[in-house]
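Please open the model in your viewer and keep the sequence panel beside it. The stops below can be taken in the order written, with a selection to make at each one.

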Amino acid sequence: MKRFVPGHLVLILSAVAALMFAMRDGGKDPSRDFSMPTIETNGLHPAVVELIDQRRQAVEESRGSANSWGNLATVLDLHDLKNSAVACYLHAIELDETNFRWPYFAGICASIGNREQALDFFAQAHQIESDYPPLLARVGILLLQGGETATARASFEQTVALDDSLIQAHLGLARCAMVAGDLDLAGQHLDRCEALQPTGSEVASLRAQWWGRRGEAERARSTLDAVEGKAPREPLPDRLRSQATMSFGVGPGWWKERSRRLIDAGQPEKAMEMWEPILAQEPENAQFQFQMAQAAQAMNDKQKAITHYLEATKLDPEMTEAFFQFGTFLFNMGNEGAAEKALRRAYELDPDSADICTTLGALLMNTKQQQEGLSLLESAARIRSGDANIRFNLGVALKAMDQKERARDELLIAVGIDPSLLRARFELGLVLKDLNQFDESAEQFARIVEVDSVRVSAWMNLVRAYNGNRRHGDALAALRSARVHLPRNAPIAAELAWLLATGPDQQLRNGAEAQEIAVKLCAGSGATMFRSFDIWAASLAEIEDFDGAIEKAKHALVLFDQNPGDPQLRQELEDRLQLYLQNKPYRSPVHPQ
Amino acid sequence: MMGISCDEVLPVLGDRFMPESMAGGCVLFDCDNDGDLDLYRLGFARTADRVRECDEGANRLYRQDAPWQFTDITEQSNLGDRGYAMGAACGDIDNDGDLDLYIGNLGADRLYRNDGEGLFVDVTTAAGIDVAGWSSSVLMVDVDRDGFLDIYVTRYLDYDEKITGADAAGRPEYPPPGQFRGLDDRLLRNDGDGTFTDITETSGIVDHPGRGLGVIAGDFDADGNTDLYVANDGDANFAWLGDGDGTFKESALTMGLAVNIFGQPEASMGLACGDLDGDGLDDIVVTHLVHETDTIYRCDRPGQFSDVTTSSGLAVPTIDFTGFGIALLDADQDGDLDLVTVHGRVLRSPVQASAIENDYWSPYAEEDHLYINDGAGNFQQQVGGISLGSGGVEVSRGLAVGDLDHDGDQDLVVANADGTIRLLENRKASGSWLSIKAVDSTLNRCAVGALVQLEAAGKKQHRRVAAGGSYLSSQGQWVHFGLGDVKSIEQLRVIWPDGAIESFPLPEVNQQVVLKMGEGN
């Protein structure tokens, strides 16, 4: 089995290999029949099939051409047809043993699923070109995975000597140091990794382990938690591989499609990796800048996204999609001024786009330009009347402008179009409650908690809707169901205890149970919340323990005064205390809360 | 393999429904207390209109009537649950002397109580169990030392069928798990009166969503309390150190059990726990995705582990495979724990020449592995050590271990992603052996968590009873010791779950022995 050998031995091997190749060159029989491997194209994207056919045709026309085989192999490799790709790479290597790309790409292709074969290919590539940093980094990674730490370290050290900016190489060295138990050295390499501003989670994950090995549990945990949502792997910048992607993908249409798929698959770093060399070659291409911005946005690299959006919109001031996406991105970031500017430009370019009208309309509603915002949302609803989200946005806008009947009608349409659109159902429930249509409101909230049983706000509004129509028994039942799904939720527990202690319906009241919940609420909040003591007092009053109720009510007032709030609230606390002093329990009003 | 429909392939619709690529579990247990092992196949399939609860995917129970002779008793046992089954665990939840069954589904989980003669009653609602979503491996263990088995349910992710995957050539493919939010696992406390209380929050395991797939119990810090180790797919693994009262604290990072030696969380699937190097401390082995090795975490001292995968010889043979089910067993009966891992890809790859003929599953098929331990925790792969004899390698997921034919050695049951089951007879074991069942006649009757210790020819071995592990699968409470050429043993004792230690009279080798609490010294 061939093995990667670092250091000066490689130089000797390379020299020998070069001599051998030179001797062999010209001795190859180009007329030899290199067989075409089976290429299964069923189910492939038509553009990919077309490209494969083109490359296959090139091979058929020149079976003795290493480049033809290599190019076909690369196309197959880039589109996950690994088995056929390796077979073609082998033909290319046999036909031209001096071309670095073929064994190098074959090594990358074999890396997942056939480590030994990958190392063999990389060894061949290394004999042709020994100073390509990404090759050395990839070899180091494979060696380290196989437990060959010493040779892996040598490979990473060579990588760093050639290119100090490759995070993967420093990360490899940090890992080697961790394996050797040298935490100080690992820490130094990790410092270097962090200085290079990694975008994936690998560096932070190793740092977390580093803290763990030092016994710093909290720092380890917080370091690991901080990488939540980042890509699992650090990209490895690789000029040759990226150029191949650019040359052997199926053109801008497919790149865009592939980028979208990578982003959808949670691998935006790979999308960025794909666009880097493309942009390096064509920095003036607005579409490529835009695609890079989208990938960076998916990576949550805001600064990079802004840079590329700006570049795209500068290069092509007519590019509606770029202005729209940029504006939406800025809007979501909270930069409403810049967002408005971008979205207005998008609207100027395409006033008939329902999406642009909706987003700009929503932004204007947010920035108190309500009339214009409403007008845009109405336009969107006219343009695409069957879109539940658009009808929802219009409904919310109408609600904000206090046009509740119209809001109700729009939201009913939204829910009719898409019954699973819970946010529309939620807003509809609120509007119906405001219109005193309590039963209809309760129906909406009940539908929400059926689907999303841990949505506290829906439970609370369901209870309020029931109480609004004096359906206190239903309210109580809803609160008990909510407790099953949200046993630790304090607002739910508080609402239940309050209803049990003070509800208007005598048959539903249960002071003892209310007290039990109130005691837990106080314990859970560290006895610092006036509301918990207020509930406790009410529950004690319900079981006619007025001394206890007075004590707790006074304590509630003390806690309230430590952090004073609404004076009316204080008055209510005071009023309840007065009731207890008269040996009277408190009863909630029967009107809606 | 007679009398069992082990070749029944469950239908797939071709839409790359992610759960079908993760499923394939089984339970090997004595369902009717007749002394031999019966087999429960977990079913998962959808009808053409994508309904998940259907006859095609119903679970099946096979009673073993004689060695390798099985009868399908699904109907009379009432165990033909039609949920989309993922994992299951058996245990005596009501301390009546027979094994009950918890089934973790994609959808609502189910609990079945055994009447002792092979009839099972669905007591899910009566027991107050309300676990839904995507459950995976399940473990029954007594976490609060009250003598009743509690239930730990690992849960995978918040799956959305609308999110689909594709490979670089545009072909539909199973989506990566990273696209979905992980779920909190659930812990159900057995109240001892037939009901369970969800103590996920009060136990402390809440707010740790982690795409859980495997779970195992042990005492990883040697404080006498039950601890749990959870394998997460792509997230750091969890080590829940128990306080003995049903509360836990997550400590994996400082114990060296969260991530591998390179600081990487891996796609952890199956788990096994046992003393690999004879130092008296239990080590942990985890199976992983291709391009990641399976990982051995050696226990250096109680509460501290090191990743020794490469020095144990496991890195290179495992890096090109995607491992799921796993078991530590003394396959050759020479007195140490060997390793079996079963494999199957989750993404389409070049079809292996030896892959079973199946248009859909062949690109996912991989060979299974047997590794022999040299006694010091170094493993050597036995090429061809596992021969399916079924026409080719398959897409394996679940794995359970037991002596199916009463010949003293450990046989294997492999559950495949296509729903087929393979029974593998051990024909190479040659050493002496002893199989032991520890029984507590009052509480925790199947003695889950008990530690059986044995000394022979100056060598100490131990096994923990029914502590879970593997992937989506479980087995009953027999523990098995290989003894090499030893003809007699020198010490046999049990450390019961409550901490009591009892020595037992020394039995002859090469037999099955039941050790009852209170009958020793």
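What follows is a walk through a predicted model, from the contact between two chains to a helix pair and then to several strands and sheets.

**Stop 1: where the chains meet**

Begin by colouring chain A and chain B separately and selecting the residues at their contact, which takes 39 residues from chain A and 34 residues from chain B. On the chain B side, the elements that give two or more residues are strand S11 (165-166), helix H4 (252-255) and helix H5 (315-318). If you then colour this side of chain B by residue class, you will find 17 nonpolar residues, 13 polar ones and four charged ones.

**Stop 2: a helix pair in chain A**

Next, select residues 46-61 and 66-78 of chain A, which are helix H2 and helix H3; their axes lie 8 Å apart and the two helices pack at an angle of about 160°. Because of that angle, H2(A) is roughly antiparallel to H3(A). Turn the view until one helix lies in front of the other, and the crossing of H2(A) and H3(A) can be seen to be left-handed.

Which residues make this contact? From H2(A) come Leu51(A), Ile52(A), Arg55(A), Arg56(A), Ala58(A) and Val59(A), and these meet Ser68(A), Trp69(A), Asn71(A), Leu72(A), Val75(A) and Leu76(A) of H3(A). By class, the residues of the contact divide into eight nonpolar, two polar and two charged.

**Stop 3: strand S13 of chain B and its partners**

Move to chain B and select residues 186-190, which form strand S13; five of its five residues are buried, so the strand is largely enclosed by the rest of the structure. With side chains shown, Arg186(B), Leu188(B) and Asn190(B) point one way from S13(B), whereas Leu187(B) and Arg189(B) point the other way, and all are buried.

Now add strand S10 (150-155) of chain B, which pairs with S13(B) in the antiparallel sense over three bridges. A useful pair to label here is Ile151(B) and Leu188(B), which stand opposite each other. Strand S14 (residues 196-198) of chain B also runs antiparallel to S13(B) and is joined to it by three bridges, with Arg189(B) standing opposite Thr197(B). S13(B) and S14(B) form a hairpin with five residues between them, and in the turn Gly192(B) has a positive phi of about 85°.

**Stop 4: Asp142(B) and its surroundings**

Keep S10(B) in view and select Asp142(B), which lies in the loop between strand S9 (135-141) and S10(B). Is Asp142(B) buried or exposed? It has 23 C-beta neighbours inside 10 Å, and therefore counts as buried, the cut-off being 20 or more.

Leaving aside neighbours within four places in sequence, the residues in contact with Asp142(B) include Gly147(B), Phe148(B), Leu149(B) and Asp150(B), as well as Thr226(B), Asn444(B), Val448(B), Gly449(B) and Pro497(B). To see how the chain brings together distant parts of its sequence, draw a line from Asp142(B) to Cys446(B): the two are 304 residues apart in sequence, while their C-alpha atoms are 11 Å apart in space.

**Stop 5: two open sheets of chain B**

For one sheet, select the four strands that lie in the order S32-S31-S35-S36 of chain B, where the pairing is antiparallel. S32 and strand S36 (501-503) are the edge strands, each pairing on one side only, and the twist averages 20° from one strand to the next.

Within this sheet, strand S31 (residues 451-456) runs antiparallel to strand S32 (residues 459-464), and six bridges join them. Label two of the bridge pairs, Leu454(B) with Gln461(B) and Gln453(B) with His462(B). These two strands form a hairpin with two residues between them, and Ala457(B) in the turn has a positive phi of about 50°. Strand S35 (residues 491-495) is joined to S31(B) by five bridges, again antiparallel, and here Val452(B) stands opposite Val494(B).

Finally, select the open sheet of four strands in the order S15-S16-S17-S18 of chain B, also with antiparallel pairing. Its edge strands are strand S15 (212-218) and strand S18 (248-250), and its twist averages 20° from one strand to the next. Inside it, strand S16 (residues 227-232) and strand S17 (residues 238-242) pair over three bridges, with Tyr229(B) opposite Ala239(B).

Definitions and conventions
Residues numbered from 1 in each chain as written. Chains lettered and ligands numbered in written order. Predicted model: local features only at pLDDT ≥ 70, side-chain atom pairs only at ≥ 80, totals over all residues. Contact = placed C-beta atoms within 7 Å. Nonpolar A, V, L, I, M, F, W, Y, C, P; charged D, E, K, R; others polar. Pairing = 2+ DSSP bridges. Axes fitted to C-alpha atoms, helices over the stretch in contact; angles between N-to-C directions. Parallel < 35°, antiparallel > 145°, perpendicular 65-115°, else oblique. Left-handed = near helix turned anticlockwise from the far one by under 90°. Buried ≥ 20, exposed ≤ 12 C-beta atoms within 10 Å, placed from the backbone.
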